[in-house]
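Hi,

Here is the structure I promised to pass on to you. Have a look at it first, and then read on for what turned up in it.

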Amino acid sequence: MHDLGFSELVATLAADGVILHHAKVLWRVLHRDGELDLAARNFLPPLKRWVVNSVGEGKKFFLDAPEVVDEIRSTDGLTRKFLLRLRDGQTIETVLMGYDGRHTVCVSTQAGCAMGCVFCATGQMGFVRHLRPGEIVAQVLHVRRVLKSIDPTKRIRNMVLMGMGEPLHNYDSVMQALGSISNVGGASIGPTKISISTVGVVPAILRLAEEQRPYRLAVSLHGSTEEERSALVPASKKWSLAMLIDACRKYGEVTGKRIFFEWTLIAGKNDSPETAHRLAKLLEGIDAHINLIPLNPTNGFSGTESHTGHEFQKILIAAGFPCTFRQRRGIDVAAGCGMLKAEKRVKSAR
Ligand code: SAH
Ligand code: SF4
């Protein structure tokens with residue numbers, strides 16, 4: 001059911017003779033309340049009949065209700081990471097993060113990822129499949145239910161597409177899901193509070209600009225030359241650094257929006273002062289915010305020492321760029337995205 005956008009839900013019910021009022025009720029129950037047991041709701045007879053006839057195993061529609069396989073809580077109690085099992089048995093990760101009174105959900109957009117970044121646990125697993133819109137929406141609804149059970153006065157106000165997978169490799173499903181998630185009758189996360197993080201799928205970045213999508217764009221850069229970047233991000237053999245920066249310039253011109261550049265600091269690979277100077281030069285003229293991410297060690301790579309990271313940051317700030325370190329609180333649980341699944345695999349293989 002969660003694959004359908006609002007107008008599709010209205011049209012579906014209308015085709016079966018159910019009026020708009022009932023469709024709105026059903027939308028709110030599904031997307032705002034995140035109800036998983038429709039039979040328990042007191043719908044008026046026309047809607048009740050439609051639900052009984054149309055929703056359930058073996059019927060036209062089903063509810064996306066991922067099963068929690070594993071949950072890890074941070075020692076500060078503010079971050080919870082969920083390993084969720086989908087209907088076909090695939091597992092994905094979703095994270096609830098809470099700091100400074102703000103709550104953020106981090107969702108997956110694919111099972112696995114085709115981009116193969118060498119330092120990323122998800123990339124090393126390879127691509128399994130795209131998630132449907134309903135599977136993306138269901139992650140947000142899960143986290144909202146959890147937060148409600150902890151503190152009913154709190155709401156999820158921010159969303160990042162930084163879980164497993166490359167969101168712009170699954171463009172249509174991601175856009176469909178974000179439309180539902182930002183709908184004011186549903187989870188109602190403001191579109192400007194939703195960040196799409198991409199490894200740099202150039203045609204899709206241009207499409208976001210053309211379609212004037214209201215979301216924030218974060219670009220995972222990690223390299224200041226073609227060589228430096230393609231050693232870490234194999235996708236840049238297809239979409240070169242030059243093409244990517246060009247697309248970012250166009251995106252900035254067309255939308256007038258700031259772009260967030262993510263930079264995972266990896267010891268000896270992309271953390272030298274020369275690299276920082278080259279990065280500043282590369283981004284010249286772009287309204288950019290640089291977000292430095294401490295590496296969660298995987299695959300033999302180690303993170304940059306803190307003083308080296310701070311030197312790197314200083315150079316970028318001196319060049320005029322806002323440059324911050326990604327919040328590390330709660331990271332004790334989270335490790336890198338994809339790492340929980342990787343760990344679970346190792347455990348079950350033992
Ligand atoms: N595929 C998208 C979004 C998911 S990855 C992208 O690459 O942007 C989200 C972020 O986590 C990216 O910036 C990615 O570079 C970063 N990341 C991946 N593996 C990491 C690791 N081991 N340590 C720290 N950050 C990592
Ligand atoms: Fe995919 Fe992002 Fe991981 Fe790269 S960093 S492999 S694009 S999930």
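Let's start with ligand 1, which has 20 residues around it. Those that come nearest are Phe119, Ser197, Ser220, His222 and Asn296. Please keep in mind that this is a predicted model, so every distance below is computed from predicted coordinates.

Which atoms of Phe119 and Ser197 face the ligand? For phenylalanine 119 the partner is a backbone N or O atom, 3.0 Å from a nitrogen atom of ligand 1. Serine 197 instead uses a polar side-chain atom, which lies 2.6 Å from an oxygen atom of ligand 1. Glutamate 166 takes part as well: an N or O atom in its side chain is 3.2 Å from a nitrogen atom of the ligand.

Glutamate 166 also turns up in the surroundings of ligand 2. What else surrounds ligand 2? Three cysteines are there, namely Cys113, Cys117 and Cys120, along with Met115, Val199 and the glycines Gly116, Gly123 and Gly165. Sorted by class, this shell consists of 5 nonpolar, 3 polar and 1 charged residues.

Now to the protein as a whole. The domain assignment splits the protein into domain 1, covering 6-54, and domain 2, covering 67-349. Their centres, taken over C-alpha atoms, are 34 Å apart. The contact between them involves 9 residues from domain 1 and 10 residues from domain 2.

How much area is buried between domain 1 and domain 2? The figure is about 750 Å², and carbon and sulfur atoms account for 45% of it. On the domain 1 side, Trp27, His31 and Arg32 stand out: together they supply 57% of the area that domain 1 buries against domain 2, more than any other three residues.

As for specific pairings, there are 0 salt bridges across the interface of domain 1 and domain 2, while 5 residue pairs are in polar contact between the two domains. Two helices, α1 (6-15) and α2 (20-32), each give two or more residues to the side of domain 1 that touches domain 2. The most come from α2, with 5 residues. By class, the residues on that side of domain 1 are 4 nonpolar, 2 polar and 3 charged.

If you would like a place to begin browsing, try glutamate 166, since you will meet both ligands there. After that, go to α2 for the domain contact.

Happy exploring, and best wishes!

Note on methods:
Residues are numbered from 1 along each chain as its sequence is written. Chains are lettered from A and ligands numbered from 1 in the order in which they are written. This is a predicted model: local features need pLDDT of at least 70, side-chain atom pairs count only at pLDDT 80 or more; totals for chains, interfaces and linings use all residues. Side-chain values use heavy atoms; hydrogens and water are left out. Domain bounds come from an automatic or database domain assignment. Contact means heavy atoms within 4.5 Å. Buried area is the accessible area (1.4 Å probe) that two parts lose on being put together, summed over both. A salt bridge is a side-chain nitrogen of Lys or Arg within 4 Å of a carboxyl oxygen of Asp or Glu. A polar contact is a pair of N or O atoms within 3.5 Å; within protein, one must be able to donate a hydrogen and the other to accept it, and residues adjacent in sequence count only if both atoms are side-chain atoms. Helices (H or I, at least four residues) and strands (E, at least two) are DSSP runs, numbered from the N terminus. Ala, Val, Leu, Ile, Met, Phe, Trp, Tyr, Cys and Pro count as nonpolar, Asp, Glu, Lys and Arg as charged, and the others, Gly among them, as polar. A residue is near a molecule or strand if one of its heavy atoms lies within 4 Å of it.
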